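The following exercises ask the reader to work through a structure step by step. Please examine the sequence and the model before reading each solution.

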Amino acid sequence: MTQISHPLTRRQYHALLGGCLLLCILLVCSLATGAGQYGATDVFGFLLGEPARLADDKLAMVVNTLRLPRTLAALLVGSSLALAATLLQSATRNPLAEPGLLGVNAGAVFGLVIGLIYFGVESTQGYLIWAGAGALLGNVLVLGIGVMLGQASPLKLILAGMALAAVFGGMANFLLLSTRVALEQFRYWNLGSLSASELSAVITVSPMALLGLVLAILLCRQLTLMQMGDSQARALGISTTWVRIGVLLATTLLTACAIALAGPIGFVGFLAAYCARLLEPVALLRQLLFSSLFGMLFLLAADILARWLVQPFELPVGTLLAALGAPALIAIVLRGGFRSLLAVK
Amino acid sequence: MPSKHPSGLWHLRLGALNLLLHRRTWLLSLLVLGVLLTLMVVAISLGSGRMGVTDVLATLGGQGSKLNDIMVFKIRMPRVAAVVVAGLAMGMAGCLIQTLVRNRLATPDMIGVNEGASLAVIGFALYLTVGSWPWWASPLGAALAAVALFVLCRRPGEQGYLFIVIGIALSELLGAVGDFMMATQPLVHLGSIYLWTMGHFAGASYSTVAPIALILLALCPLLAWLNRPLALLRFGEATAQNLGIKVAALQLAVLGVAILVAALGTAIGGPVVFIAMAAPIIASWLARDHLAPIWLAALCGAVLLVGSDTLSRLLAQPEEIPTGIMTRLLGGVLLLILLLKDRKGSD
């Protein structure tokens, strides 16, 4: 296990330090931007408990119901999606995999729509359960298809995921539009947005996300060894089937948390996991660390941009990430960079 | 008349002009045309306010009641006509690009051409024109998207799934830009445009459909002329060159026509996905030939789109569901089947 526990390289160390610093800056920005004319000093004064600021009801409203939940949700959603993407990439040995591109997000949305329409779900727990059921369905289907396609074709798996997403999306939209759920209400959520985040929802969802994280950390060692091939891993005494089932559960949990909070947000997991893989090609634990850091960074930055770009309107953050992530996907696919990452190092 | 032509062909002689017609394909085309006409009559007869098929036929023959006249000619006919024209255009464009790139999945709806077209239409509709539907803007966006795609992928014929994934990423990008534009507008303006971006024919009128149908009709001789060299192109560029075809010029011409047709098809009902992919595949399956003639693909496209549109109207009564949602559902299943059938081929 020497390879896994080697010290951080200089580059990784710098990335970690810089990432944390940037995260702090973005946190401040996120708390300081938005509708309502309160700057960073006001918000932090309030959070640190300055009496003069605590007395300001309007400030309390802005921080407690708008900016703080939104910022926390961005952190939770970003890191969940990034962790799920890293797990999926390593389980399918496909550097392009992520919940959005593989149709898991669409499955979760489909589950949620079923819950909304047929079971009248209105609580965050309900959202979580139905999104989880849908994500599980999507996950099982796409991983099953992946097994059938074989591992020689990363692009085909992505295409299959997109086809699956089309089917799920078609069904979800069909159900929604044929049952008079307000177009306006769902339209925004369907594009992926953090604007409706509530503190209570974040608190409800976070234990599940934590569970997913713990599961991911427990699976790390086995998954890292499985990069050498299933037969090698089995020779080392790893039950590959159980590890795969564990990955399935962990990614389902993480994706469901993200969807229940923010709707389907694509590309952030892919980008974060890809960057993490560039920094640390082998050890999965470290990949998870970097990927969740990058996921938080990307989503938070995108959310700030979404609030700031088209004032006084607001962009759905999922749209913004698709606009930034799609060119990145094109560049990576064109350079064939993903093929070199396939090789076991 | 001595029959020296191979079996399965019809020999037509019009004065000095000799024509060899592929019997199976022609019979099939007639059959599909019959199916299309039947479907159209059924589609007209269905909807809120029922009408029997006989009523429809009587009304079309000019012997309907006043109410039926209005229902058929003012309400249902424009929509069915729009769907048919869009379906024909999509089938045509899909067949052209599939043949050109020699990739079954490479169709304008998969590689971003349709999204480019709809982006241009949205842009003009939201910011630049007032009142009328800017269908004429669509070729502009489609051409830009295609240029971007072909700059990114220099030799699309040799890249298989790579080309498709890049095309899909491009459509995601263009779709996001479209959402971006719509997000800055008050919702009042967006209701119909939002449905249109998912592929919707409810608002289609003759003022959009008629000019597009005329342009498609004008392109028909060109397509008939392109059909044969295009068939030779599938043997490979080198072979086609040796057979006396100016390959580069042909490719450029085919691409231009395909983009124009795809854009016009999109302009009517929005970017309806998967029809352009499915139609040529079904056509070539019917013709038991790897390369279906363009018109058969076009007819199949029209049949598929009329079918999906009618299905989405029937299933969702009394609501209106965008047709694109139905085609997305059906087409996604088809794409999965195709991918699974091609299991052995790697990227």
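**Exercise 1. Determine how many residues of chain B are in contact with chain A, and which helix of chain B gives the most to that side.**

Solution. Step 1: two residues are in contact if their C-beta atoms, placed from the backbone, lie within 7 Å. By this criterion, 35 residues of chain B are in contact with 38 residues of chain A.

Step 2: helices (H or I, at least four residues) and strands (E, at least two) are DSSP runs, numbered from the N terminus. In chain B, α6 (161-183) and α13 (323-341) each supply at least two residues of the side that touches chain A. The greatest share comes from α6(B), with 15 residues.

Step 3: sort this side of chain B by class, where Ala, Val, Leu, Ile, Met, Phe, Trp, Tyr, Cys and Pro count as nonpolar, Asp, Glu, Lys and Arg as charged, and the others, Gly among them, as polar. The result is 25 nonpolar, 4 polar and 6 charged residues.

A note on conventions: this is a predicted model, in which local features need pLDDT of at least 70 and side-chain atom pairs count only at pLDDT 80 or more, while totals for chains, interfaces and linings use all residues. Residues are numbered from 1 along each chain as its sequence is written, and chains are lettered from A and ligands numbered from 1 in the order in which they are written.

**Exercise 2. Describe the helices, strands and buried residues of chain A and chain B.**

Solution. Step 1: chain A has 15 helices and 0 strands, and chain B has 13 helices and 2 strands.

Step 2: a residue is buried if 20 or more other C-beta atoms lie within 10 Å of its own, exposed if 12 or fewer, and partly exposed in between, with C-beta atoms placed from the backbone. Of the 345 residues of chain A, 53% are buried; of the 347 residues in chain B, the buried part is 49%.

Step 3: consider contacts between residues at least 6 apart in the sequence of chain A; 78% of them join residues at least 24 apart. In chain B, residues 24 or more positions apart account for 74% of the contacts with a separation of 6 or more.

Step 4: the C-alpha trace of chain A spans about 65 × 55 × 35 Å along its principal axes. The radius of gyration is taken over C-alpha atoms, and the globule rule is 2.2 Å times the number of residues to the power 0.38. For 345 residues a compact globule would have a value near 20 Å, and chain A agrees, with 20 Å.

**Exercise 3. Which residues touch the most other members of the largest nonpolar core?**

Solution. Step 1: a nonpolar core is a set of buried Ala, Val, Leu, Ile, Met, Phe, Trp, Tyr and Cys residues joined through C-beta atoms within 7 Å. The largest has 225 residues, and A:C257, A:L261, B:A262 and B:V306 touch the most other members. Helix α3 (residues 66-101) of chain B gives the most to this core, with 18 residues.

Step 2: leaving aside neighbours within four places in sequence, the contacts of B:V306 include B:L36, B:M40, B:V80 and B:G87.

Step 3: in soluble globular proteins, nonpolar side chains tend to be buried together.

**Exercise 4. Compare span with expectation for α3(B) and α12 of chain B, and state where α3(B) bends.**

Solution. Step 1: the expected span of a helix is 1.5 Å times one less than its number of residues. With 36 residues, α3(B) reaches 51 Å from its first C-alpha to its last, close to the expected 52 Å.

Step 2: the bend at a residue is the angle between axes fitted to the seven residues ending there and the seven starting there. At B:R76, α3(B) bends by about 50°, and a proline, B:P78, follows within four residues. Just after α3(B), B:R102 takes a positive phi of about 55°.

Step 3: α12 (residues 294-315) of chain B has 22 residues and reaches 31 Å, close to the expected 32 Å. Of these 22 residues, 19 are buried, so α12(B) is largely enclosed by the rest of the structure.

**Exercise 5. Is A:F267 buried or partly exposed?**

Solution. Step 1: A:F267 lies in the loop between α11 (240-262) and α12 (268-279) of chain A, and its phi is near 75°, a positive value in a residue other than glycine.

Step 2: A:F267 is buried because 28 other C-beta atoms lie within 10 Å.
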